[in-house]
Amino acid sequence: MRAPTASTGGRIATATAHLKKKKQYPFAIIFILPSLILYTLFVIVPTLGSVYLSFTSWNGISEDIRFIGFANFVEIWNSPRVHNALKNTLIMTISLVILENIAAIAMALMVDRIRWFKNLFRSIFYFPTLLSGIVMGFVWAMILNYNFGVVNKILDTVGLGSWAVDWLGDPQYAMLSIILSTVWKGAGYYMIIYLAGLQGIPADLSEAASIDGANGWQQFRYITFPLLAGSMTVCMVLSMISALKIFDQIAVMTDGGPGFATETLTYIIYKVGFGELRQGFGTALAMVLFVIILIITVIQVKILRKREVQY
């Protein structure tokens, strides 16, 4: 009787492993099924329902759901109000992505290099992210209030009362106020991701660059910044998606005003769908926003992935 060869033994082992996997399939399905059912009921089915509603003139209350084809999307294409909301959304998104990531990197570098009270500073920087958008909006609405807000009071105290403005009531400053307050809230979250990236960079690289005569800025530019590309991809994608969906701060601080100065796509979806009882149009606009987020995210990830460095 011949002994089994190595190739025969390998085939037997592979077949045995495959048989074990087949026996485990029913158990895997049993564990996955509850989550799959919930995901289908609360995500997939509503999404498919929203796609259908985007082609109707439903008001959100009556049982009369009239199919109108692409009329909602044609109106979106031709609506000056939607164009203005899209412009505001893009301005806010670009500003938040840039400013939040710059602030987050600066805070991460500070926390990473500081020797004393490191955990204290990390907690201080991260604390604003624990506040809900509604609470943050109320806090900043009081801080920026024209009559009794802290900002104008400080300006008046130091003799710069002429600089006091209606931060939330003036179209020139309302958008800026929302952007800066959102950066204050969100930068701490991205700081944690960048901090993890900084702590993963080998210290030998900075030491070698220091020996070669590189100063702090050169070390950051040629070593730290390129090796943070992976963290930057994650942070920029997350901040972009968050900015495109911004709602709470606008609802509390400006209600889309003054006029339509701070009305974004997410806020116009709410105003049209629930305030003007045009759920069909609002749902169609939500579908458009979903496509915009999907396209921008895919492009952003492809561009950022190209500059990631392996070490």
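Two residues are in contact here when heavy atoms of one lie within 4.5 Å of heavy atoms of the other. In this predicted model, Val82 touches Ile76, Leu265, Ile268, Phe281 and Leu285, leaving aside residues up to four places away in sequence. Val82 also belongs to the largest nonpolar core, a group of 38 residues. Along with Met191, Tyr194 and Leu285, Val82 is among those with the most contacts inside that core. Quite a few helices chip in: helices 3 (80-113), 7 (171-199), 9 (216-227), 10 (229-244), 12 (265-275) and 13 (279-305) each give at least two residues. Helix 3 hands over the largest share, nine residues. There is a second, separate core too, with 19 residues, including Ala141, Leu155, Val165 and Met175.

Next come the pockets. The largest pocket has a volume of about 350 Å³, and 18 residues line it. Nearest its centre sit Glu100, Lys185, Gly186, Tyr190 and Ser242. Helix 7 provides the largest share of this lining, five residues, while helix 3, helix 7, helix 10 and helix 11 (248-253) each supply at least two. Sorted by class, the lining of the largest pocket is a mix of seven nonpolar, seven polar and four charged residues.

The second largest pocket holds about 220 Å³ of space. Among the residues lining it are Asp112, Arg113, Leu198, Gln199 and Pro202. Helix 9 makes the largest contribution to this lining, three residues. By class, the lining of the second largest pocket counts four nonpolar, five polar and two charged residues.

Then there are the charged pairs. Side chains of opposite charge can pair when their charged atoms come close. Searching the whole structure turns up four salt bridges. In one of them, Arg278 meets Glu75 at 2.8 Å, N to O. This pair links distant parts of the chain, with Arg278 in the loop between helix 12 and helix 13 and Glu75 in helix 2 (residues 71-78), 203 residues apart. Arg278 is partly exposed, at a relative accessible area of 30%, and Glu75 is partly exposed at 32%.

Another salt bridge joins Glu263 and Arg81, at 2.8 Å, N to O. Here a loop between helix 11 and helix 12, home to Glu263, is linked to helix 3, home to Arg81, across 182 residues. Buried means under 20% relative accessible area, so Glu263, at 2%, counts as buried, whereas Arg81, at 23%, counts as partly exposed. Arg81 and Glu263 also join Glu276 in a network of salt bridges.

Methods. Residues numbered from 1 in each chain as written. Predicted model: local features only at pLDDT ≥ 70, side-chain atom pairs only at ≥ 80, totals over all residues. Heavy atoms only, no water. Core = buried A, V, L, I, M, F, W, Y, C linked by side-chain atoms within 4.5 Å. Buried < 20%, exposed > 50% of the residue type's maximum accessible area, 1.4 Å probe, protein only. Helix = DSSP H or I, 4+ residues; strand = E, 2+ residues; numbered from the N terminus. 1 Å grid on protein atoms, 1.4 Å probe; cavity = no way out; pocket = protein on both sides within 12 Å on 5 of 7 lines; lining within 4 Å. Points joined across faces, edges and corners; volume = space filled by probe spheres on them. Nonpolar A, V, L, I, M, F, W, Y, C, P; charged D, E, K, R; others polar. Salt bridge = Lys/Arg side-chain N within 4 Å of Asp/Glu carboxyl O.
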